[in-house]
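Open the model in your viewer and keep the selection panel at hand. The tour moves from one selection to the next and says what to look for at each stop.

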Amino acid sequence: MGGRLAGEVVLVTGAARGIGRAIAAKAAEEGAAVALLDVLADQVAATAADLQQTGAKVAAAVGDITDENAVRWSVDQLVDELGPITVLINNAGKNAYADATKMTVDEWDSVFDVDLKGAWLMARQVLPAMIAARRGSIVNIASIHAHLTTAGMFPYAAAKAGLVGMTRSLALDVAPHNLRVNAVSPGFIATDLLEEFFDTIPGSRETALDAHPLGRIGTPEDVAEVVCFLASEAAAFVTGANWSVDGGLGIRYA
Ligand code: NAI
C-alpha cells in the first residue's frame, strides 16, 4: 500500500476512541501497520476490527500506559505481531478538574501519571529499537492548555506543559540518532473528553464556538492529519516543535 507512512509501524496509545482512533485510521490510510493500545478492552478491539476491514495491518493490546510492566508486555505483544515500532504516538490522556487547595496527592499523581509519565514510559520502551535502527519518530499529543488555560483545570495544564518540555528535551537527546520528537497541541476537538469539559465548566459550550476565528471546533481528523504529517518523512527537518491545531484560538487577543 502506498502513502506517506508506507513501511512504518505506528503505535498509537489511547487508540480506542476519539483523537487516537482517528490517528490510527489516518496512519492506516497512509499505508502504515498500526498498533493500538488502550485500557478499554472492548472498544480497542472494535476499533481494530473496523480498521482491519479497510485492509490495514492492525494489532491491538490492552494495557495501562502508567504501569511500566503493562507497557513492556503490551509493546512486546504488538512488536511480536507487527515488527519493531518505528513511530510512537503518545495520545492517551485525561482531563483533570481540581482546586489546588483541596486536591489530594493521589489525584495529582493520577493526572501526571497519565498525561506525562505514561508518555515517557512508552518512549523508554520503544526508543532502544529506534536508536539501533537509526529510524523513528515520536509525536506527543499535548494540549492548548500547555500555553493557555482556563480556571478549574489544575493541574492538567501543568502536566501538558511538562509534556511539551519533555518533547524538547527528548528531541535534543535523540537527534544524534536520526530520530525526531514533536508535539501537537489540539484546542477544542469534538470527542467524549470535550463533552466532559463542556459538562464540567459552566458556560463553556456556549462561549467556545464564538471564540474560534475559524468559526467551528475541530474534528479528530483535523488533528490526525497534522500528526501523521509530523510522523512522516515529509517532516524530516521538523523536531522539538509543538504545533497547534486549534482553529486559531491560540492567536486571539480579543
Ligand atoms: P478520549 O477520552 O476520547 O480518549 C482518550 C483515550 O485514552 C481513551 O480511549 C482512554 O481509554 C485512553 N486512555 C486513558 N488513560 C489511559 C491509560 N492510562 N492507558 C492507556 N490508555 C488510556 O480523549 P481525546 O479527546 O481523544 O484526547 C486524546 C488526547 O488529546 C489526550 O491526550 C487529550 O488530553 C488531548 N487533547 C484533547 C482535546 C480535546 O478537545 N478533545 C484538546 C487538547 C488535548
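Begin with Asp 38 and the ligand, keeping in mind that this is a predicted model: an N or O atom in the side chain of Asp 38 is 2.6 Å from an oxygen atom of the ligand. Next select Thr 191, whose side chain has an N or O atom 2.5 Å from an oxygen atom of the ligand. Then add Ile 65, where a backbone N or O atom lies 3.1 Å from a nitrogen atom of the ligand. On its own the ligand has 830 Å² of accessible area, and the protein covers 94% of this. If you now select everything around the ligand, you should find 27 residues, the closest being Arg 17, Asp 38, Asn 91, Tyr 156 and Thr 191.

Now move to strand 6, by selecting residues 180-186. In a regular strand, side chains alternate between the two faces of the sheet. Are the two faces of strand 6 covered or uncovered? Both are covered, with Arg 180, Asn 182, Val 184 and Pro 186 buried on one side and Val 181, Ala 183 and Ser 185 buried on the other.

Add strand 5, residues 137-141, which runs parallel to strand 6 and is joined to it by five bridges; Ser 137 has Arg 180 as its bridge partner in strand 6. Follow the chain from strand 5 through helix 5, residues 156-174, to strand 6, and you trace a right-handed β-α-β crossover.

Finally, select strand 7, residues 242-245, which pairs with strand 6 in the parallel sense over four bridges, and look at Ser 244 of strand 7, which stands opposite Ser 185.

Definitions and conventions. Residues numbered from 1 in each chain as written. Predicted model: local features only at pLDDT ≥ 70, side-chain atom pairs only at ≥ 80, totals over all residues. Heavy atoms only, no water. Buried < 20%, exposed > 50% of the residue type's maximum accessible area, 1.4 Å probe, protein only. Pairing = 2+ DSSP bridges. Right-handed = clockwise from strand over helix to strand, strands pointing away. Near = heavy atom within 4 Å. Polar contact = N/O pair within 3.5 Å; in protein donor to acceptor, adjacent residues only side chain to side chain. Areas by Shrake-Rupley, 256 points an atom, 1.4 Å probe, with all protein chains shown as cover.
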